[in-house]
Amino acid sequence: MEVVIVPDAKTGGALIAGAMADLLRRTPDALLGVATGSTPLPVYEALAAQVRSGSVDTSRARIAQLDEYVGLPSDHPESYRSVLRREVLEPLGIGVDAFMGPDGTAEDVQAACEAYDRALAEAGGVDLQLLGIGTDGHIGFNEQCSSLVSRTRIKTLTEQTRVDNARFFGGAVDQVPHHVITQGIGTILEARHLVLLATGEGKADAIAATVEGPVAAVCPASALQMHPHATVVVDEAAASKLKLADYFRHTYASKPDWQGI
């Protein structure tokens, strides 16, 4: 696992957007796995700026959704399909025909989960998966004590996660669905490159457990330690509880520019 400590969220976003742009130059039809929430917005903004400048072509890029609320209509403004259309597809000039996601309105939710897992495999797998992290260490909606080999499935959100997400529903916790479809940890680990972005002091404990703690279901993100190409990008606040922070700074500063992240 590589840990990159950056001064702020904007710098982290530009770094990850640069890696995505390099991937698209090598593999124009790359499948990019994307996350929702406020943390990844600097990534999408930086990549959109590159698209506008003509430095990267996204016309053949494909987008895969990480998770989705169960029961929200796809046209609900806070369904993740709608959010990603606004924040990723439209700014990057990518059509909905290049978008993959689970059906949170399906009558048979389990069948929809299994179908999405198959669709990801049939598409050749995710080339780069962008992840955020919850204050309790969850990735996607794999809450604490999720199986580290889990597949795409339905999950019940913890009350803390619903409280954290209430800001997207006008502060009304009762409007946040109780259930979601999420790629499982085993599914996530099949992506060729995992990139986790975390910013702010509130994520410091989770990042320390992810990077320096044991691999354990109580911190689902710790499973990234088992991946052959995982990159954790954090600002100074999110890195504040890392015991090896100085070592991580040294290794990244000593890295050749051509290697990327």
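Q: Is D205 buried, exposed or partly exposed in this predicted model?
A: Buried means under 20% relative accessible area and exposed means over 50%. D205 has a relative accessible area of 48%. That value lies in between, so D205 is partly exposed.

Q: Which residue forms a salt bridge with D205?
A: The closest N and O atoms of the pair are 2.9 Å apart. The pair links distant parts of the chain, 36 residues apart. D205 sits in helix α7, its partner in the loop between β10 and α8. At 44% relative accessibility the partner counts as partly exposed. The residue is K241.

Q: Which elements cover the buried residues of α7?
A: Helix α7 spans residues 204-212. Its buried residues include A204, I207 and V211. What covers them includes β1, β9, β10 and α8.

Q: What handedness does the β-α-β unit of β9, α7 and β10 have?
A: β9 and β10 pair in the parallel sense over five bridges. In that pairing, L194 stands opposite A230. With α7, the two strands make a β-α-β unit that is right-handed.

Q: Which residue of β10 stands opposite I5?
A: β1 and β10 run parallel, joined by five bridges. I5 stands opposite a β10 residue that is buried. That residue is V234.

Q: How many of the six residues of β10 are buried?
A: In a regular strand the side chains alternate between the two faces of the sheet. On one side of β10, A230, V232 and V234 are buried. On the other, T231, V233 and D235 are buried. The strand is largely enclosed by the rest of the structure, because the buried count is six of the six.

Q: Which residue meets E159 in a salt bridge?
A: The N to O distance is 3.2 Å. The two residues are three apart in helix α5, so about one helical turn separates them. E159 is partly exposed at 47%, while its partner is buried at 5%. The partner is R162.

Q: What is the N to O distance in the salt bridge of D246 and R249?
A: Both residues lie in helix α8, three residues apart. D246 is exposed at 61%, and R249 is partly exposed at 33%. Their side chains meet at 3.0 Å.

Q: How many disulfides does the structure hold?
A: A disulfide needs two cysteine sulfur atoms within 2.5 Å. The sulfur of C219 is 11 Å from the closest cysteine sulfur, in C145, which is too far for a bond. The disulfide count for the structure is zero.

Definitions and conventions
Residues numbered from 1 in each chain as written. Predicted model: local features only at pLDDT ≥ 70, side-chain atom pairs only at ≥ 80, totals over all residues. Heavy atoms only, no water. Buried < 20%, exposed > 50% of the residue type's maximum accessible area, 1.4 Å probe, protein only. Helix = DSSP H or I, 4+ residues; strand = E, 2+ residues; numbered from the N terminus. Contact = heavy atoms within 4.5 Å. Pairing = 2+ DSSP bridges. Right-handed = clockwise from strand over helix to strand, strands pointing away. Salt bridge = Lys/Arg side-chain N within 4 Å of Asp/Glu carboxyl O.
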